[in-house]
Each structure stands twice: as structure tokens, then as C-alpha cells.
Amino acid sequence: MNKEDNNKEHNIDEVQEPITSAPPEVRQIIDRVWQLEKSRLDKKINSHINDDILAIVKEAVR
């Protein structure tokens, strides 16, 4: 592994750290929002996502 690859891996770890260290409830919200966004991108849906994210958060808070 060269130095550039090592730096990229380190940067990915830094970006993922808040997610991996988040409480399980927060990770669940993150995962559901990620799945929602992924499915929307797969279907090339360009509509607003805010209402869907709000519903996910409200459900998790209940």
C-alpha cells in the first residue's frame, strides 16, 4: 500500500467516525436515510426527500 492509498483510507476513517461512534438509534436513522437515498438514486427520482427524512426521524423519536 502506498502513501496515497494510506491517506485515502485514513480520510475515509475520519469521515465514518461520527457514524460508527453514534448511538444505535442514530445509526438506525442514518442507515434508513441512506437506504432511502440509494433507492431514489437507483430509480432516478428527483423529487424532494425532506418529508421522507422527517418521517424517518419522527418514527425513531416515538
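# Exercises on a three-helix chain

Ile 30 has its place in helix 2, residues 24-42; helices (H or I, at least four residues) and strands (E, at least two) are DSSP runs, numbered from the N terminus. The model is predicted: local features need pLDDT of at least 70 and side-chain atom pairs pLDDT 80 or more, while totals for chains, interfaces and linings use all residues. Residues are numbered from 1 along each chain as its sequence is written, and side-chain values use heavy atoms, without hydrogens and water.

**Exercise 1.** State how many helices and strands the chain has, and in what pattern.

Solution.
- Step 1: the chain has three helices and zero strands.
- Step 2: along the sequence, the pattern reads α-α-α.

**Exercise 2.** Classify Ile 30 as buried, partly exposed or exposed, and name the patch that holds Ile 30.

Solution.
- Step 1: buried means under 20% relative accessible area, exposed over 50%, and partly exposed in between (1.4 Å probe, protein chains only).
- Step 2: Ile 30 has 33% relative accessibility, so this residue is partly exposed.
- Step 3: Ile 30 forms a nonpolar surface patch with Ile 19 and Val 26, together about 200 Å² of accessible area.
- Step 4: a patch takes residues with over 30% relative accessible area and no salt bridge, joining like charges within 9 Å and nonpolar side chains (Val, Leu, Ile, Met, Phe, Trp, Tyr) within 5 Å. Areas come from the Shrake-Rupley method with a 1.4 Å probe; for residues, only the protein chains shown count as cover.

**Exercise 3.** Find the salt bridges in the whole structure and say which parts they join.

Solution.
- Step 1: a salt bridge is a side-chain nitrogen of Lys or Arg within 4 Å of a carboxyl oxygen of Asp or Glu. The search finds three.
- Step 2: Glu 59 pairs with Arg 32, with the closest N and O atoms 3.2 Å apart. Glu 59 lies in helix 3 (residues 50-61) and Arg 32 in helix 2, so this pair ties together parts 27 residues apart in sequence.
- Step 3: Arg 40 pairs with Asp 52 at 3.8 Å between the closest N and O atoms. Arg 40 is in helix 2 and Asp 52 in helix 3, so parts 12 residues apart in sequence are tied together.
- Step 4: Lys 38 and Asp 42 meet at 3.4 Å, N to O. Both lie in helix 2, four residues apart, about one turn of the helix.

**Exercise 4.** Compare the accessibility of Arg 40 with that of Asp 52.

Solution.
- Step 1: Arg 40 has a relative accessible area of 7% and is therefore buried.
- Step 2: Asp 52 has 34% and is therefore partly exposed.
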